[in-house]
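Here is a short, friendly tour of a two-chain model. Please have a look at the structure first, and then we can walk through a few of its features together.

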Amino acid sequence: MTKVAFTNRRLNHLIYVIRENPVTLLAFSLFTLIILLALVGPSIAPHDPIKTNATNALEPPSLSYLFGTDHLGRDVFSRVIVATRLDLGIAFSAVTISFCVGCALGGAAGFWGGWTNRVIGRISDAIMAFPLFVLAMGIVAALGNTIENIIYATAIINLPFYIRVSRAETSIRRNIGYVDAARLSGSGNLRILFTQILPNILPPMMVQVSLNMGWAILNAAGLSFIGLGVRPPNAEWGIMVAEGSNYIISGEWWLVIFPGAALMLAVFCFNLLGDGLRDIVDPLRRT
Amino acid sequence: MHQTYFLDIKGLSVEFRTRNGTIRAVDDINFHLSKGEFLGIVGESGSGKSVTAYSVMGLLDSAGHPVCGQVMYDGIDIIKATENTMQDIRGREISMIFQNPRAALNPIRPVGYQIEDVLKQHQLATRQTAKSKAVEMLRQVKIFEPELRYKSYPFELSGGMCQRVMIAIALACSPRLLIADEPTTGLDTTTQKATMDLVKELALKRNMAVIVISHDLGMVSNYCNRLVVMESGKIVETASVNDLLACPKHEYSKRLIAASPKQNSCLENLTISPEKHLIRETFSHSEKKTSTPQLSKVHTLLDVRNLTKEFPIRNSFKNFFFQQTNSYHRTSCRAVDDVTFKLESGQSLGLVGESGCGKSTTSKIISRLINPTSGEVFFKGINITNYDAQDFVEQSERRMIQMVFQDPTDSLNPRYTAHESIAEPLRLLLGMNNSHELQLRIFSLADQVGLSANLLERFPHQLSGGQKARVGIARAIAVKPELLILDEPTSSLDVSVQAIILQLLNQLKNVLGMSYIFVSHDLNVVRLMCDRVIVMNQGKIVESGKSFEVFNSPKNPYTKALVEAIPRFEK
């Protein structure tokens with residue numbers, strides 16, 4: 001019974017947050033659309049995204065090919081839809097890794113201070129000292145040109161942002177009353193960190209996550225654009241933009257515009273999502 | 001014939017627009033003020049006293065607006081006045097000092113400059129004369145070495161000094177009306193006395209009218225001629241101080257006066273009808289049986305020997321470059337200096353002193369949240385300082401020593417409901433996982449501290465201050481500790497709530513047979529709650545003994561000053 005009441009309260013809160021802020025509603029609808037495309041994309045795509053068809057290469061948008069076809073006669077619309085899964089998958093996994101590792105490292109640095117803090121702080125400073133995209137290129141080039149390595153590279157270059165935010169937020173809360181109270185209630189250090197501090201730094205971290213999602217998508221697309229990471233003929237927004245860029249001059253604009261717009265919408269959506277997400281995870285907004 | 005007053009408020013109502021509709025914060029209030037008069041506005045949080053002050057200043061924020069009535073200041077209707085007129089009036093005619101002086105001062109600007117800003121704003125000083133005028137103001141508010149302090153930043157000054165600077169800023173343009181909104185809340189009693197004496201002296205010299213807003217009836221009645229008592233937006237009584245204290249007419253005034261601890265009050269008199277329902281008959285029977293054997297045999301529960309705690313003074317730049325050569329810089333400060341005392345079981349001990357005297361550090365060492373630099377704490381004959389604070393969780397003594405924290409808001413995890421907060425120690429320290437047993441225990445605890453069961457599912461921000469304090473107490477007594485450390489448990493509560501919480505704590509102590517260490521700066525409260533008292537100053541114990549002896553005939557000069565500074569109702 002209490003479980004049901006609890007879910008109900010969560011749901012009511014979600015509805016309240018969305019109703020309060022129309023921008024959040026817009027962001028959430030976009031987000032739902034993108035997620036849906038990622039889940040069911042391959043099955044709703046009208047054409048095979050990989051099958052080439054030289055006879056109707058470089059067709060402009062028409063009813064049968066909504067976004068036109070590319071230089072190998074592949075349907076751009078299908079490719080844009082199918083690419084959602086891959087792009088989002090890379091960004092999600094990268095952000096999840098950097099969020100978890102960053103929270104743990106930053107939390108430890110903020111909570112214990114001293115040497116832990118110094119070592120972790122210097123590591124994140126060292127990462128930040130590189131031009132981040134070049135670092136990602138280097139990592140992918142060194143580890144090998146696979147999707148997993150793009151994920152690791154994106155995760156590593158995003159790590160310092162998570163470490164910094166979680167370290168600062170943790171060190172504010174390290175000596176707060178409820179942490180002392182938890183110690184009196186019999187909680188050890190790790191338990192305090194995981195049950196008292198980390199849940200309470202979620203709101204600022206969530207803003208970071210959503211901004212970072214957009215950034216991670218761009219980063220993955222950027223790596224593919226310069227030829228690292230995802231390989232043709234796989235559908236991916238960055239590769240599609242790269243391949244299409246040769247045809248801009250000759251007037252075949254649809255090759256670049258549609259994957260570019262998809263990329264832009266996805267990034268835009270995650271940037272908008274930040275505030276809404278914070279409102280949802282912040283208990284103070286629950287009334 | 002209608003008499004015109006200096007400040008005349010007629011039928012003022014202020015409404016606030018919020019998410020849940022309009023709230024009337026101030027409802028049809030009328031009062032007036034003559035030149036040079038001291039008026040006190042007393043009430044508890046949410047009574048609308050600050051909103052009244054902000055209306056007089058024309059400083060209501062955008063959500064609040066006066067719906068009817070007028071505020072006449074020397075012939076000007078402040079509610080109808082334009083923003084330009086108000087900018088001229090604010091600071092020059094009407095000034096205000098705020099509750100938290102440190103927050104009201106600009107932290108990155110030297111205090112002297114901040115005084116100059118006000119003077120220049122109102123064209124009362126030129127660039128050449130501003131500095132000397134600012135220094136003169138600092139001298140008038142009795143800041144030691146004003147020329148040096150002129151360049152100080154707010155963080156370099158103590159709370160009392162900051163409040164003096166605020167007063168200097170407020171009085172720089174010689175206003176004719178000063179509004180002091182909780183001017184001494186958060187300051188020590190001796191500082192409070194010094195600050196208020198200063199305001200009184202300066203006001204008399206300038207024939208300035210003063211409105212003092214406070215929840216502290218004792219302080220207000222010491223300095224004001226007339227009092228206005230407010231309750232939920234309405235004025236319930238306006239009377240001269242002597243009349244109000246001698247024979248309050250309104251029910252609320254009576255309750256308020258009763259709840260303010262006085263020299264001769266006892267716990268039972270704090271509320272007009274003590275909350276008797278709190279401890280149920282059936283419950284107290286079963287609890288008493290278990291606790292009587294402990295009570296009958298008096299033994300030393302806590303033995304603190306030569307406790308010392310030093311904190312390193314952080315100066316990272318110097319430490320970084322000159323690690324060894326710190327011979328003439330003090331590298332540590334002694335927060336607790338050679339403290340020794342004993343506590344018998346079932347007794348309650350008061351720990352009194354001003355902020356920074358080391359009382360909170362002492363209580364944190366005893367509750368084993370931090371490690372002492374040297375010294376020992378024996379709890380029931382076992383040296384608990386042998387264990388590191390980080391490892392104390394695993395010792396069986398953890399359960400026996402519990403603590404109630406000063407700030408009820410800050411000490412509850414905002415993501416836990418009241419129920420989860422109380423369940424935490426039961427799960428971890430008593431290993432209660434059986435949800436039925438746990439539920440019963442939590443309900444009985446909530447019942448014990450007078451928290452109704454439907455509040456248990458709420459988050460801290462949905463509870464009032466008093467309710468949060470009850471959750472904190474319930475959590476602390478959940479594991480049946482033998483020693484309960486109360487670190488200023490009522491300092492952030494209204495007096496009427498404080499009265500109820502103090503009675504509750506006293507009843508719990510008798511029923512559960514706990515010993516208390518009661519840490520507080522409020523001597524009246526300590527005298528009510530404790531058999532013995534220890535007075536601390538700068539980390540050292542300066543006096544200890546039976547409560548009434550210490551307070552009635554203090555021997556140490558510091559204790560004397562402390563006792564002197566308690567606001568007295570009797571003139």
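Two residues are in contact if their C-beta atoms, placed from the backbone, lie within 7 Å. In this predicted model, the contact between the chains draws 19 residues from chain A and 22 residues from chain B. On the side of chain A that touches chain B, α7 (177-184) and α8 (189-200) of chain A each supply at least two residues. The largest share of that side, seven residues, belongs to α7(A). Sorted by character, the residues of the side of chain A that touches chain B are eight nonpolar, eight polar and three charged. For the complex, the predictor reports an ipTM of 0.77 and a pTM of 0.79.

Now to a single residue, A:T69. You will find A:T69 in the loop between α2 (22-44) and α3 (76-112) of chain A. A:T69 counts as buried because 27 C-beta neighbours fall inside 10 Å, and the cut-off for buried is 20 or more. Leaving out residues up to four places away in sequence, A:T69 touches A:N56, A:A57, A:L58, A:E59, A:R74, A:D75 and A:V76. A:E252 is 183 residues from A:T69 in sequence, yet their C-alpha atoms are 9.5 Å apart.

What about confidence in chain B? The average pLDDT of chain B is 83, and 90% of the residues score at least 70. Two stretches of chain B have lower values, below 50:

| Stretch of chain B | pLDDT | Contacts beyond near neighbours in sequence |
|---|---|---|
| residues 275-295 | below 50 | 23 contacts |
| residues 321-328 | under 50 | one contact, beyond four places in sequence |

Definitions and conventions
Residues numbered from 1 in each chain as written. Chains lettered and ligands numbered in written order. Predicted model: local features only at pLDDT ≥ 70, side-chain atom pairs only at ≥ 80, totals over all residues. Helix = DSSP H or I, 4+ residues; strand = E, 2+ residues; numbered from the N terminus. Buried ≥ 20, exposed ≤ 12 C-beta atoms within 10 Å, placed from the backbone. Nonpolar A, V, L, I, M, F, W, Y, C, P; charged D, E, K, R; others polar. pLDDT = per-residue confidence, 0-100.
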